[in-house]
Amino acid sequence: MKTLTKAEEQIMQVLWKLGPSFVKDMIDEMPEPRPHYNTVSTLVKILVDKGFVNYKAYGKSHQYFAIVSKEEYSHKTVKSLVSGYFEGSFSNMVSFFVKEKDMSVAELEKLLQQIKNAKK
């Protein structure tokens, strides 16, 4: 799976939220300042080429939809982050967030409980 740019990822977030959408619908969902129609249209075409999005044609209009799920992309992105920055160790990643004080003891305990439940 290819990597997305920040702008492409923003389009994907909108598609994951809205489901099948026309470019105008995507633009309406984006924060101000909203990008120009041609910009979004170009980004969507790139996402089609990258294999993240497909479309259904209605005459000259196209309704776009994600063919890569948010969960699938999130899984790939997190694995890439862990391998690229934490030597492939989720433990190193959690340790980093604890050291940076981005994770509380309560969150750590919840994470441990989730790990225990997943192993059952």
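## Briefing: salt bridges, core and overall layout

The side chains of K24 and D28 meet in a salt bridge, with 3.0 Å from N to O; the term stands for a side-chain nitrogen of Lys or Arg within 4 Å of a carboxyl oxygen of Asp or Glu. The model is a predicted one, in which local features need pLDDT of at least 70 and side-chain atom pairs count only at pLDDT 80 or more, while totals for chains, interfaces and linings use all residues. Residues are numbered from 1 along each chain as its sequence is written, and side-chain values use heavy atoms, with hydrogens and water left out.

**Salt bridges**

- In total, the structure holds 4 salt bridges, and three of them are described here, starting with the pair above.
- K24 and D28 both sit in helix α2 (residues 23–29), where they are 4 residues apart, about one turn of the helix. Helices (H or I, at least four residues) and strands (E, at least two) are DSSP runs, numbered from the N terminus.
- K24 counts as exposed at 53% relative accessibility, whereas D28 is partly exposed at 42%. In these terms, buried is under 20% relative accessible area, exposed is over 50%, and partly exposed is in between, with a 1.4 Å probe and protein chains only.
- E8 and K50 also meet through their side chains in a salt bridge, at 2.7 Å from N to O. E8 belongs to helix α1 (residues 6–18) and K50 to helix α3 (residues 37–50), so this pair ties together parts that are 42 residues apart in sequence.
- E8 is buried, with a relative accessible area of 4%, while its partner K50 is partly exposed at 23%.
- A further salt bridge joins the side chains of E32 and R34, again with an N to O value of 2.7 Å. Here E32 is exposed, at 60% relative accessible area, and R34 is partly exposed, at 38%.

**The nonpolar core**

- The largest nonpolar core has 19 residues, and the members that touch the most others are I11, M12, M26, V40, F52 and V53. Such a core is a set of buried Ala, Val, Leu, Ile, Met, Phe, Trp, Tyr and Cys residues joined through side-chain atoms within 4.5 Å.
- Helices α1, α2 and α3 each supply at least two residues of this core, and α1 gives the most, with 5 residues.
- As general background, nonpolar side chains tend to be buried together in soluble globular proteins.
- I11 touches M26, M30, V40, L43, V44 and L47, leaving out residues up to four places away in sequence. A contact means heavy atoms within 4.5 Å.

**Two residues to look up in the viewer**

- L15 is placed in helix α1 and is buried, with a relative accessible area of 2%. Beyond its neighbours within four places in sequence, L15 is in contact with S21, M26, V53, Y64 and A66.
- From L15 to T42, the C-alpha to C-alpha distance is 15 Å, with their positions 27 residues apart in sequence.
- S61 is found in strand β2 (residues 61–66) and counts as partly exposed, at 37% relative accessibility. Apart from residues up to four places away in sequence, S61 touches F22 and K56.
- The C-alpha atoms of S61 and T5 are separated by 25 Å, and the two residues are 56 apart along the chain.

**Overall layout**

- The protein has 6 helices and 2 strands, which follow the pattern α-α-α-β-β-α-α-α along the sequence.
- There are two domains, domain 1 (6–66) and domain 2 (70–119), with bounds from an automatic or database domain assignment. Their C-alpha centres lie 30 Å apart.
- The radius of gyration is 18 Å, where a compact globule of 120 residues would come near 14 Å. This radius is taken over C-alpha atoms, and the globule rule is 2.2 Å times the number of residues to the power 0.38.
- Along the principal axes, the C-alpha atoms fill a box of roughly 55 × 30 × 25 Å.
- Of the 120 residues, 22% count as buried.
- Among contacts with a separation of 6 or more, 44% come from residues 24 or more positions apart.
- The protein exposes about 8600 Å², and carbon and sulfur atoms supply 56% of it. Accessible areas come from the Shrake-Rupley method with a 1.4 Å probe; for residues, only the protein chains shown count as cover.
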